[in-house]
Amino acid sequence: MTSDLVPDAADDAAAAEVETGPVRRIGATYALGRFVVAPLARLVYRPHVEGRGNVPKSGPVIFASNHLSFIDSIAIPVAAPRPVHFLAKSSYFDGPGLGGWLSKQFFTAIGAVPVQRGAGQAALDALEQQRALLEQGSTVALYPEGTRSLDGRLYKGRTGVSFLALQTGAPVVPVGLIGTDDVMPVGAKMPSLTHRVTVKFGEPLDLGHHGPATSGRARRAATDEIMSAIHALSGQELANAYNEVPAQSPIERIKQVLPHERR
């Protein structure tokens, strides 16, 4: 999803502890998605899955994946051997009418957890949700690139994923997605039934040797290790740049040019 998943939210909390709050529980609707929708999707799309045995059977796990298409957040839960949660913007859950209800049911069924997007407190709330899920022993899926790659290249990772891993001690399982942009290219309203997706799960990464979450150097080194593992799985051309959202003002353009840690 281009901006559908909430991007890494460590920007306002790089050196601070965040109070762990309640996480919205997923019940019957998610069970329906897990045991009915996911098998149906596997039957229709016949995804090629590699490395399922690399995913720890229990305990917190962070899936860190490349990001090519809206359906990436469907492909990962369908292919993973255990439930996966990700953050999605709250507007998917509180829309009006039948359409709003169907949207809520769909995103709940695939493991999405609603969160307000934005900077400041909203970013802290997103980080809190992710950390709380991990501390409950759950799995979360994140895209270190921050947004979809529109040209198919793999962009540099932002450090929010490593901040979360170093803070919680959760292992990171790198994920390489191949072909999701063929199944549902940018701008497509419906997925194609003629293409096949490949999902590759890499070996878990223990990033603790890089240092504490409060160290910018540790976060950057850990993120680079994650992106190297994703690259080995996806085989994408490296962009050697950040996938920046176009600046909306002169101040934002200046900020993008000046050296700073991308989260």
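1. A word on terms to start: pLDDT is the predictor's confidence in each residue, on a scale from 0 to 100. It matters here, as you are looking at a predicted model. Confidence in the protein bottoms out in helix H8 (residues 250–257), with a mean of 46, and peaks in strand S6 (residues 172–178), with 98. Across the protein the mean pLDDT is 79, with 73% of residues at 70 or more.

2. Two stretches deserve a flag before you build on this model. Residues 1–26 stay under 50 in pLDDT, yet the model gives them 92 contacts beyond four places in sequence. The pLDDT is also below 50 over residues 251–259, and there the model has 8 contacts beyond near neighbours in sequence.

3. Now to the sheet. It is open and built from 5 strands with mixed pairing, in the order S1-S7-S6-S2-S5. Strand S1 (48–50) and strand S5 (139–142) are the edge strands, each pairing on one side only. From one strand to the next, the twist averages 20°.

4. How do the strands pair up in detail? S1 and strand S7 (residues 198–201) run parallel and are joined by 3 bridges. Within this part of the sheet, Glu50 sits opposite Lys200 in S7. S6 and S7, by contrast, pair in the antiparallel sense, over 4 bridges, and Leu177 faces Val199 in S7. S7 thus appears in both pairings, with S1 and with S6.

5. Which helices pack on the sheet? One of them is helix H5 (residues 160–168), which touches strand S2 (61–65), S5 and S6. The direction of H5 makes about 165° with that of S2. Helix H7 (residues 216–234) lies across S2, S6 and S7, and runs at about 35° to S6.

6. You may also want to look at the second largest pocket, which holds about 440 Å³ of space. Its lining counts 20 residues, and those nearest the centre are Ala41, Tyr45, Ile71, Ile74 and Pro191. Helix H1 (28–45) and helix H2 (72–79) each contribute at least two residues to the lining.

7. What is the chemical make-up of that lining: how many residues are nonpolar, polar or charged? The lining of the second largest pocket has 19 nonpolar residues and 1 charged residue, with no polar ones.

Technical notes: Residues numbered from 1 in each chain as written. Predicted model: local features only at pLDDT ≥ 70, side-chain atom pairs only at ≥ 80, totals over all residues. Heavy atoms only, no water. Contact = heavy atoms within 4.5 Å. 1 Å grid on protein atoms, 1.4 Å probe; cavity = no way out; pocket = protein on both sides within 12 Å on 5 of 7 lines; lining within 4 Å. Points joined across faces, edges and corners; volume = space filled by probe spheres on them. Nonpolar A, V, L, I, M, F, W, Y, C, P; charged D, E, K, R; others polar. Pairing = 2+ DSSP bridges. Axes fitted to C-alpha atoms, helices over the stretch in contact; angles between N-to-C directions.
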